[in-house]
Amino acid sequence: MAIPDDVLAVLDAKFVAVLPHLDERQRRLYLASEAEALGHGGIAAVARLTEVSESTIARGCEELAGGAEVLGRVRRPGGGRKSVAERDPDLVAALESLIEPREVGDPVSPLRWTTASLRDLARELTEAGHPVSAPVVGDLLRGLGFSLQGMAKTRAGSHVPDRDAQFRHINTAVEHFLEQGLPVVSVDAKKKEPIGDFARSGRTWRPKGEPITAPDHDFLDPDTPIAIPYGVYDLGRDTGWVNVGTDRNTAAFAVESLRRWWNRQGRLDYPDATRLLITADSGGANSADSHLFKNDLATFADECGLSITVMHFPPATSKWNKVEHRLFSRITHSLRGQPLTSYEVLLQTISATRTSTGLTVKAVLDDNEYPTGRTLTKAERAAILQRVARDDFHGEWNYTIAPLHPGQELPVEPEQAKAPPIPAEATFLLTHPALTGMSREQFDQLVEELEPFRRVLAETEREKRKGINRRGYNPGVGSVDHRHRVLVAVLHHRNTVTLTLAAQLLGRVPTSLNYHAHRTKPLLAFATPGIAAALAHPRRTHPPRTIDALQNAITQYEDEIKSGSK
């Protein structure tokens, strides 16, 4: 019995509308269901309308008759082309052998000194007899738990003792100040920004194909103006103040930034404040070790009448300072993708920084000069140390500087007693030829010869230390003149007496003699040939450690001289 044309026309319309939306299996089962509904000749009729082979429709009928399950997929499990890992069982192991040595730094790995890109890995695998493409290598790596990642700057450097305890100490103090309505500021200097037509990282919305252009190379010369943004972030009011310097980042610049913030903004926000808490990192212009920073802070405290508490973050933890991620990160976002052609552009851009949480920023230009090389006298350092009230917990990080009241003077500490003079008997004993390898006349000649070189060395070190805190250059354990510096250098060079015993005889401490011996020892290279030959004698392996042993060594030397064995 023939199938009516009107039924075929309806089926044809249904096929045109539905089949494009079905996958291979769904199409086969749907066509089989329509063919069975037509009865005898249904498979042939559906095949003509859809241009699908009759065998495909017949196979769908068999699946329907057998109770086809809902697979949730086009093909049956196990169907389709085998994966490359199944066809090559050793491929994954070969890939791991390339990746894992690189992870542990194996120097013989073929990719140890190359970029382990997908193409590099695919090439190495292909040369090793495992032909594979780069996309497949990517799939295999993802299956092994690898992903493409950049470096993560998360390590906090050296783990100093009480690091976490200092964090908690700072947090407790900040909460205490904020609860009392007192100002708490986080301070730091941002990196220097060159002013001019220089390219900057980041992107901004622009008409398509019309980016902001800049020279293809950035050449900075000594005359290029720079900007040094020093940020003061108010934790209680979520406001920022940026003092943009044009000279150098010094302690005076850091304190001047605080002074400007207080005079122009802080005193208005906190009219009744008597105390100020500052959190800062441990390095740079506001270093925890800087006497200059403390000295200028004391001057600022006298001017504003505030008792200033400073709490430094431990070394290598400056990124935990609030100014970094509350203020500087937003300023960096505002400055992205556009050249800073003038100071005005920089100031306006910084001042336009806003956040949805309410952050507002003010920026001012500071064109004052802040020369380096400024130092404090011993009296000034002693005076500032008297004013610094160190906290019981890590006083080197936490301290308070109170203002001086009108007419108040600091107590004058008595001068420290000078080191006692070196006994002449000790000098005579230690210059014995048994110890120096030369006569006392030759030793006096050596001292005189090295004097000009000592002056040159001292002047060179003085220039090198300009503007640097001198702590660490002089151990501060008693003066030693040039003659005795040469003496301890010779004794240390020949190892004829321990520095501990020499210090005991000379009335100094061993660290002082060790310091001067190492600084003076290079000058011995300028000795005349005759004296240099005496210095070249073999070193003693077991120098005397007591006065009795020293006397015995000298006596033995004199006996050998008398007997003619020396």
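## Contacts of E256

Two residues are in contact when heavy atoms of theirs lie within 4.5 Å. In this predicted model, E256 touches D366 and Y370, leaving aside residues up to four places away in sequence. E256 sits in helix α10, which covers residues 251-269. Is E256 buried or exposed? With a relative accessible area of 16%, E256 is buried, because buried means under 20%.

## The chain as a whole

The chain contains 22 helices and 9 strands. Of its 566 residues, 40% count as buried. The accessible surface of the chain is about 33,100 Å², and 53% of that surface belongs to carbon and sulfur atoms. Taking the contacts between residues at least 6 apart in sequence, 73% join residues at least 24 apart.

## Confidence

The average pLDDT of the chain is 85, and 88% of the residues score at least 70. Two stretches with low values are residues 101-114, where pLDDT stays under 50, and residues 467-477, where pLDDT also stays under 50. For residues 101-114 the model has 20 contacts beyond four places in sequence; for residues 467-477 it has 19. Where pLDDT is low, the predicted coordinates should not be read in detail.

## Helix α1

Helix α1 takes in residues 5-18. At 1.5 Å a residue, its 14 residues should span 20 Å, and the end C-alpha atoms are 20 Å apart, which agrees.

The buried residues in α1 are L8, L11 and F15. They cover an arc of only 60° around the axis, so they lie on the same side of α1. An α-helix has 3.6 residues a turn, so residues three or four places apart point the same way. On the other side of α1, D6 and V16 are exposed. The buried residues of α1 pack against α2 (24-38) and α3 (42-50).

## Helix α9

Helix α9 has 17 residues, 163-179. The expected span at 1.5 Å a residue is 24 Å; the end C-alpha atoms are 25 Å apart, which agrees. Which residues of α9 are buried? They are R163, Q166, F167, I170, A173, V174 and F177. Their arc around the axis is only 135°, which means that they are on the same side of α9.

The face of α9 turned away from the buried side carries the exposed residues R168, T172 and E179. The cover over the buried residues of α9 includes four strands: β1 (184-189), β5 (275-280), β6 (307-312) and β9 (398-401). After α9 comes G181, with a positive phi near 75°.

## Strand β1

One of the strands covering the buried residues of α9 is β1. This strand is itself mostly covered, with 6 of its 6 residues buried. Both faces of β1 are covered: V184, S186 and D188 are buried on one side, and V185, V187 and A189 are buried on the other.

How many bridges join β1 to β5? There are 3, and the two strands run parallel. V185 of β1 stands opposite I278 in β5. With strand β3 (residues 226-234), β1 is joined by 5 bridges, and this pair runs antiparallel. The bridge partner of A189 in β3 is Y230. Thus β5 appears twice in this picture: it is joined to β1, and it is part of the cover over the buried residues of α9.

Definitions and conventions: Residues are numbered from 1 along each chain as its sequence is written. This is a predicted model: local features need pLDDT of at least 70, side-chain atom pairs count only at pLDDT 80 or more; totals for chains, interfaces and linings use all residues. Side-chain values use heavy atoms; hydrogens and water are left out. The expected span of a helix is 1.5 Å times one less than its number of residues. Buried means under 20% relative accessible area, exposed over 50%, partly exposed in between (1.4 Å probe, protein chains only). The arc is that of the directions from the helix axis to the C-beta atoms. Accessible areas come from the Shrake-Rupley method with a 1.4 Å probe; for residues, only the protein chains shown count as cover. pLDDT is the predictor's confidence in each residue, from 0 to 100. Two strands pair if DSSP finds at least two bridges between them.
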